[in-house]
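Here are some short exercises for you to try with a structure open in front of you. Read each task, have a go, and then follow the solution step by step.

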Amino acid sequence: MAIGVYGAAARAVLLLAVAAVLVPGLGVRGGAAQQQLSERFYDGSCPGVHRVVRRVLKEAHRADPRIYASLTRLHFHDCFVQGCDGSILLDNSSSIVSEKYAKPNNNSARGYPVVDDVKAALEKACPGVVSCADILAIAAKVSVELSGGPRWRVQLGRRDGTTANITGANSLLPSPRNNLTTLQRKFAAVGLDDTDLVALSGAHTFGRAQCQFVTDRLYNFSKTGKPDPTLDGGYQALLAASCPRRGGNKTALNDLDPTTPDAFDKNYFTNLEANRGFLRSDQELFSTPGAPTAAIVDRFASSEKAFFRSFAASMIKMGNAKPLTGGQGEVRQNCRKVNGS
Ligand code: HEM
Ligand SMILES: *[C@@H]1O[C@H](CO)[C@@H](O)[C@H](O)[C@H]1NC(C)=O
Ligand SMILES: *[C@@H]1O[C@H](CO)[C@@H](O)[C@H](O)[C@H]1NC(C)=O
Ligand SMILES: *[C@@H]1O[C@H](CO)[C@@H](O)[C@H](O)[C@H]1NC(C)=O
Ligand SMILES: *[C@@H]1O[C@H](CO)[C@@H](O)[C@H](O)[C@H]1NC(C)=O
Ligand SMILES: *[C@@H]1O[C@H](CO)[C@@H](O)[C@H](O)[C@H]1NC(C)=O
Ligand SMILES: *[C@@H]1O[C@H](CO)[C@@H](O)[C@H](O)[C@H]1NC(C)=O
């Protein structure tokens, strides 16, 4: 037992997962009971899997301090579109229209070459065994841990899909301009509730975001010609310096959490309390009048332990989105291609 997140919250999720098998119809996904993921899935077939992923990620991090954030996001963008099946990793081909060019991913989602490096190292250590979907789940877990965040026992045994769905990537992934109702609806579609929405949004405690996702809030919010009233004036000025109204670079990068840009901590939530959320979708969680999520923001802002426990539990829950298991799908040899194509 490392730290507290192996405690009550995580156990409750595991119990729910077990209950879903025993009681048809109960459970976060709905639909038919499926074979469950397991934290010990590779114990016999690839016992070094965690060590290998960790080694490759640490190596990548030396050249790219942003990579831990980018990989955490990739797992999320995988899971929201036809489940955690590695579909986001597939490139264009005769049979695949890649999700990489969907609006939320195009020129935004990153880290694919590092996933390739992890896959190559794992193919050396245990050929044909570890799926690309599981690589994303492990990479997210290791990334959060190496950034000072919580640890959790990542559930494994996902198989890789043989299809992608760019339409799904465009419609199911949340947009930074979504209001709270729409965010709730998109998370509920993956079996995630308000606590999951707030906890998982806490991943914006690290990583970067482009100016184009904040310019409307800085200068012309909802076509009012004024800044977003829920944006702190000092923070507006700080962001305006990096993202000028005219002649700016819309792909210029900003820290999602300017207080501790690369550390996984609870500052995302204290930022929201100070009207210093970067995206509209961030600030909505706290500032929407009457929002049930505001109290959850306050709870996480005042207790890092509460945030870490919930984040770990919600990552496990998100990672259980419609996994392919058993004989479904395949273990890809190359994360970018369906086998034999
Ligand atoms: C609640 C709805 C969410 C919306 C609307 C949203 C939107 C965005 C946007 C627009 C960016 C900036 C991308 C860019 O500038 O290219 C971003 C970055 C990021 N998002 Fe989210 N996100 C959401 C939830 C999540 C969740 C659930 C996670 C993970 C659990 C996550 C993890 C990240 C990370 C780590 C980054 C920084 C990535 C990097 O530096 O490469 N986000 N998100
Ligand atoms: C992949 O296909 C999509 C959709 O047809 C297209 O928009 C995109 O430019 C293609 N990307 C590459 C690198 O070929
Ligand atoms: C993706 O971004 C490129 C610019 O790098 C752009 O030319 C292309 O049209 C975009 N693709 C889609 C499908 O929006
Ligand atoms: C792709 O996703 C969309 C939106 O969820 C869905 O309506 C459609 O049926 C999916 N396509 C396939 C082939 O699964
Ligand atoms: C949220 O956005 C949706 C879609 O744009 C819209 O239909 C809805 O009225 C909005 N809800 C609120 C409370 O603003
Ligand atoms: C704000 O945006 C709207 C719609 O794009 C535009 O008509 C309006 O002129 C803009 N206002 C200012 C002050 O730029
Ligand atoms: C815009 O910002 C991006 C990201 O920092 C950078 O790679 C690019 O060179 C910049 N473009 C210009 C024209 O300055």
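**Exercise 1.** Which helix gives the most to the shell around ligand 1?

*Solution.* Keep in mind that you are looking at a predicted model.
Step 1: List the elements that each supply at least two residues of this shell: α3 (67-79), α7 (180-188), α8 (194-201) and β1 (208-210).
Step 2: Pick out the top contributor, which is α3, with four residues.

**Exercise 2.** Describe the surroundings of ligand 1: where does the ligand sit, and what kinds of residues make up its shell?

*Solution.* Step 1: Find the site; ligand 1 sits in the largest pocket.
Step 2: Look at the 26 residues around the ligand, of which Arg66, Ser70, Ser108, His204 and Gln210 come nearest.
Step 3: Sort the shell by type, and you get 14 nonpolar, eight polar and four charged residues.

**Exercise 3.** Find which protein residue is the donor to the iron atom of ligand 1.

*Solution.* Step 1: Search for donor atoms within 2.8 Å of the metal.
Step 2: A single one from the protein turns up, NE2 of His204, at 2.1 Å from the iron.
Step 3: Place this residue in the chain: His204 belongs to the loop between α8 and β1.
Step 4: Check for a further link to the ligand; a polar side-chain atom of His204 is 2.9 Å from a nitrogen atom of ligand 1.

**Exercise 4.** Compare how Ser70 and Arg208 meet oxygen atoms of ligand 1: which uses the side chain, and which the backbone?

*Solution.* Step 1: For Ser70, the N or O atom belongs to the side chain and lies 2.6 Å from a ligand oxygen.
Step 2: For Arg208, a backbone N or O atom is 2.8 Å from an oxygen of the ligand.

**Exercise 5.** Where in the chain are the two cysteines of the Cys46 and Cys126 disulfide?

*Solution.* Step 1: Test the pair against the cut-off of 2.5 Å between sulfur atoms. The sulfur atoms of Cys46 and Cys126 are 1.8 Å apart, and the two form a disulfide.
Step 2: Locate both ends: Cys46 is in the loop between α1 (8-22) and α2 (49-63), while Cys126 is in the loop between α4 (112-125) and α5 (132-146). They are 80 residues apart, so this pair links distant parts of the chain.
Step 3: Count the disulfides by this rule, and you reach four.

**Exercise 6.** Which residues lie around ligand 6?

*Solution.* Step 1: Name them: Asn220, Lys223, Gly225 and Arg245.
Step 2: Check polar side-chain atoms against the ligand's oxygens; one of Asn220 is 2.3 Å from an oxygen, and one of Arg245 is 3.0 Å from an oxygen.

Note on methods. Residues are numbered from 1 along each chain as its sequence is written. Chains are lettered from A and ligands numbered from 1 in the order in which they are written. This is a predicted model: local features need pLDDT of at least 70, side-chain atom pairs count only at pLDDT 80 or more; totals for chains, interfaces and linings use all residues. Side-chain values use heavy atoms; hydrogens and water are left out. A residue is near a molecule or strand if one of its heavy atoms lies within 4 Å of it. A polar contact is a pair of N or O atoms within 3.5 Å; within protein, one must be able to donate a hydrogen and the other to accept it, and residues adjacent in sequence count only if both atoms are side-chain atoms. On a 1 Å grid over the protein atoms alone, a cavity is a set of points where a 1.4 Å probe fits but cannot get out, and a pocket is an open set with protein on both sides within 12 Å along at least five of seven lines; lining residues have an atom within 4 Å of a point. A molecule sits in a cavity or pocket if more than half of its atoms lie within 2 Å of its grid points. Ala, Val, Leu, Ile, Met, Phe, Trp, Tyr, Cys and Pro count as nonpolar, Asp, Glu, Lys and Arg as charged, and the others, Gly among them, as polar. Donors are N, O and S atoms within 2.8 Å of the metal (3.2 Å for Na, K and Ca); water is not among the atoms, so sites may look incomplete.
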